[in-house]
Amino acid sequence: MGTWGLSHFEEQSCVQILWGSLYQIGIDRITKPAHANYTYSIVAGMNAGIDMARLFIDGLAYLVKNKFISMSRIDDAVKRILRVEFVMGLFENPLADYSMAKYLGSEKSGLGSCKENARVTEKWNLRRNRCTTILSVVKSAVDSKTQVVFNENPNAEFVKSNKFDYAIVVVGEHPYAETFGDSLNLTILEPGPTTIKNVCGSVKCVVVLITGRPVVVQPYVETIDALVAAWLPGTEGQGETDALFGDYGFTEKLARTWFKSVDQLLMNVGDPHYDPLYPFGFGLTTEAKKNL
């Protein structure tokens, strides 16, 4: 295997690779091409400051045992982990509060998982449970005299010919976990963009965006009348319609900056180039209107 060592320049480079880019957070990306030398990546990653490991724990144990990674580096990592756990009070209160566990998966909790979102990845799966889709609860929320028309891929002619009063456009990403969701452009998948163009160009619309992260929406903002960030896994449709139809007001704020384009990344509050589409903490606050 040879002897592994890192110069100061190499250590700095590894730190930049690990923490300097949204798209290069995996240690396998340290080498080019990615995963070309995973053993080296473990050594470089640990020496650059990784404190917790799960995916490469066996390789890490081998490298420590054979002195390619020093025990002092492991002690340093463990010390920092324990410090955080002490600050969090985990040793005084190590067990979780299970008082709300009985509601997990219930219709009211919004923590069940719908048929279309049950499969997350080949290895990560959500349990199928009771749930409601956005379409089903829209139908139940409107007046019995109101006609709800669903079309998965509406073209412009379909929208214009039906003379709709309002439209709810639901678009976004497929469910994913970890690297299965890697994207260099962070765009909405087709037919999402086409649907937004065809529908919102002809009728007053609200776009419900179901994604696991901010994605590029600036090209569509001028076309749409309202945008709702619903987030994945999108397991409880009634949570959306409760707000859309006024039973509850919108109150949540963005937990991260929403960029205009991926060219701006990385971008954080306080950066000289901070010019987001929606800043950190953005979000409209509305009051409930029961009689919409």
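Helices (H or I, at least four residues) and strands (E, at least two) are DSSP runs, numbered from the N terminus. Keep that in mind as you work through these exercises on a predicted model.

**Exercise 1. Find which loop holds K163, and work out whether K163 is buried or exposed.**

Solution.
- Step 1: Look at the elements on either side. K163 is found in the loop between α6 (156-162) and β1.
- Step 2: Check the backbone. Phi of K163 is near 50°, which is a positive value in a residue other than glycine.
- Step 3: Compare the area with the cut-off. Exposed means over 50% relative accessible area, and K163 has 70%, so K163 is exposed.

**Exercise 2. Do the same for K67: give its loop, its phi and its exposure.**

Solution.
- Step 1: K67 sits in the loop between α3 (57-65) and α4.
- Step 2: Its phi is near 65°, again positive in a residue that isn't glycine.
- Step 3: With a relative accessible area of 73%, K67 is exposed.

**Exercise 3. Decide how far to trust the model, and say where the pLDDT is below 50.**

Solution.
- Step 1: Start with the whole chain. The mean pLDDT is 81, and 80% of the residues reach 70 or more.
- Step 2: Now hunt for weak spots. Residues 1-24 have a pLDDT below 50, and this stretch has 47 contacts in the model beyond near neighbours in sequence.
- Step 3: Residues 107-129 also have a pLDDT below 50, with 49 contacts beyond near neighbours in sequence.
- Step 4: Draw the lesson. Where pLDDT is low, don't read the predicted coordinates in detail.

**Exercise 4. Locate two cis peptide bonds that lead into a proline.**

Solution.
- Step 1: Go to K32 and P33. The peptide bond from K32 to P33 is cis, with omega near 0°.
- Step 2: Place the proline. P33 is in the loop between α1 (8-19) and α2 (38-48).
- Step 3: Move on to E190 and P191. This peptide bond is cis too, with omega near 10°.
- Step 4: Place P191, which lies in the loop between β1 (167-172) and α7 (192-200).

**Exercise 5. Is α2 mostly covered or uncovered, and which residue follows α2?**

Solution.
- Step 1: Count the buried residues. In α2, 8 of the 11 residues are buried, so with buried meaning under 20% relative accessible area, the helix is mostly covered.
- Step 2: Name them. The buried ones are Y40, S41, I42, V43, A44, G45, M46 and A48.
- Step 3: Step past the end of the helix. There you meet G49, whose phi is positive, near 125°.

**Exercise 6. Trace the salt bridges made by R73, and explain what each one links.**

Solution.
- Step 1: Recall the background. Side chains of opposite charge can pair when their charged atoms come close.
- Step 2: Take the pair with D51. R73 and D51 form a salt bridge, and their closest N and O atoms are 3.0 Å apart. R73 is in helix α4 while D51 is in the loop between α2 and α3, so this pair ties together parts that are 22 residues apart in sequence.
- Step 3: Take the pair with D76. R73 also forms a salt bridge with D76, where the closest N and O atoms are 3.2 Å apart. R73 and D76 are 3 residues apart in helix α4, so about one helical turn separates them.
- Step 4: Compare the surroundings. R73 is buried at 11% relative accessible area, D51 is partly exposed at 24%, and D76 is partly exposed at 25%.

**Exercise 7. Work out which parts of the chain the salt bridge between K204 and D225 ties together.**

Solution.
- Step 1: Check the distance. The side chains of K204 and D225 meet in a salt bridge at 3.8 Å, N to O.
- Step 2: Place both ends. K204 is in the loop between α7 and β2 (205-210), and D225 is in the loop between α8 (218-221) and β3 (226-229), so the pair ties together parts 21 residues apart in sequence.
- Step 3: Check D225, which is partly exposed with a relative accessible area of 45%.

**Exercise 8. List the residues of the nonpolar surface patch, and place V78.**

Solution.
- Step 1: The patch is formed by V78, L82, V84, F86, M88, L90 and F91, with about 640 Å² of accessible area together.
- Step 2: V78 lies in helix α4 (residues 71-88).
- Step 3: V78 is partly exposed, with a relative accessible area of 40%.

Notes:
Residues numbered from 1 in each chain as written. Heavy atoms only, no water. pLDDT = per-residue confidence, 0-100. Contact = heavy atoms within 4.5 Å. Patch = residues over 30% accessible without salt bridge, like charges linked within 9 Å, V, L, I, M, F, W, Y side chains within 5 Å. Areas by Shrake-Rupley, 256 points an atom, 1.4 Å probe, with all protein chains shown as cover. Salt bridge = Lys/Arg side-chain N within 4 Å of Asp/Glu carboxyl O. Buried < 20%, exposed > 50% of the residue type's maximum accessible area, 1.4 Å probe, protein only.
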